[in-house]
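Notebook open, coffee poured. Today I want to look up the cysteine pairs and one acidic residue.

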Amino acid sequence: MTGRRVLTAAILATFAGSLCTPGTGAAQPPTAPSCPALWVLGVQGTSESSPGASETADSGMLGHLLGPVAADAPNLVARTYIGYPASFGGAPGTGGGSDPYTVSANIGLNALLDASEDVAANCPATSQAVVGYSQGAQIASGFAQIVGAGGGPVAPERVAAVALYSDPDRAPGSPVIAGRPGQLTPDPAPGTAGAAVSQISLSTAVASGGGIATTSGVDFGSLTGRVADICVEGDLSCAAPDRAALLRVAAQLAAHADLRDPIAAISSVQTLLSGALGDAWTTVVLNDFHVGPGSVAYVPAASLAQRLTDAADSRTPAPGPNETAAADARWAQITATVAANPLTTLPPLAAGLSAAWGQLVTDNADLIDPSVWLRYSDIPARHTGYAANGQLASGVAWLTALAHDLSGSQQ
């Protein structure tokens, strides 16, 4: 299989919890027809799954969605829950195993890709849908990006829908239909007229901010129009404040940490923080200082906040020995230049670095703004309230409508 992707950090442990415990029964084959019109792959959130979790037990957040879909269209839909660690490094209150978040999410992504490949091989005429919540939404987002770029195990035209609930990878300000501002009705499934889907409206307000794991856009390629990005205001997993770069750095670090006990947590986070700052500094030295005859200038190609965030992202390769050596040599050159011409080089250099530090503070201003945090005063309830608040109901209607449209289009 092609297109494997390593996912990076997401929600902090304090809001990585979920509504229900995962199913524990042995995996069973779907009870729907072997090759239905629509096969839905569900990826549960942190603590809601495990490698041996039941493939069909309607538990956790997604049980409130896929259970009703199966009941509404029993002869048209099959469903499979993806078993994976669903862990957050053993952090208290998150359940699951002891795997760091990034390890857990990558295992989940590969399991999802494998399941999709199996469905495509065994039921080539069946369309697929993928639904994810929280950590599962980030996994589903990774799947959609791979498939949308043409690199997945299933052709994009065989993916009828991707529904993301509380996605840590949500692009800042992402509309309800990702990439389609103002659109509330998903595009029809390829090959259908979309009569039933045309009656669906995913009417929910667009949350401010973006996912805790990203500061940039997300491209779903040819799946754009069929990806729903559902996020409620106040859910810090998918709607972190715009100016909270250090919060995202903390999430990146926590996602790599071993949090099984306080001593291990302190040690691992301290080690990771030192490593992240070291990597960021290497990048800054190599890219953001200009050295000329008798002059040194700090001219950043990216802000310090972005450098820190990038350095904490596991998708960013760590500096190698050659880069580290080059940075050391460049800093020695900077030091020598300043020492030789302190009166002309030091003031502008200090001013540039001071301005950069001020910008770093500005980039994180939302972390100290009480009015911003009023929107996040009930973080756990916002993160775990998608079923209770009715946010899943439109997803039930959407998937059911897709099944009816697809059943009319099958040969």
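**Cysteines and an aspartate**

I started with C123, which counts as buried because its relative accessibility is 4%, under the 20% cut-off. I kept in mind that this is a predicted model.

Next I looked up the partner of C123. That is C35, and the two sulfur atoms sit 2.2 Å apart in a disulfide. I get a torsion of about -80 degrees about the S-S bond of C35 and C123, so I noted this disulfide as left-handed. C35 is in the segment before strand 1 (38–43), while C123 is in the loop between helix 2 and strand 3 (127–133), so the pair ties together parts 88 residues apart in sequence. Unlike buried C123, C35 comes out as partly exposed, at 39% relative accessibility.

How many disulfides does the structure hold? I found 2. The other entry is C231 with C238, S to S 2.0 Å. The torsion there is about 85 degrees, so I logged the disulfide of C231 and C238 as right-handed. C231 has a relative accessible area of 2% and is buried; C238 is buried too, at 0%. With the bonded cysteines numbered in sequence order, I wrote the pairing down as 1-2, 3-4.

Last lookup: D118. I found D118 in helix 2, which spans residues 101–122. Is D118 buried or exposed? Neither, quite: D118 has 45% relative accessibility, so I put it down as partly exposed. I also checked D118 against P153, which is 35 residues away along the chain, and got a C-alpha separation of 8.8 Å.

Notes: Residues numbered from 1 in each chain as written. Predicted model: local features only at pLDDT ≥ 70, side-chain atom pairs only at ≥ 80, totals over all residues. Heavy atoms only, no water. Helix = DSSP H or I, 4+ residues; strand = E, 2+ residues; numbered from the N terminus. Buried < 20%, exposed > 50% of the residue type's maximum accessible area, 1.4 Å probe, protein only. Disulfide = S-S within 2.5 Å.
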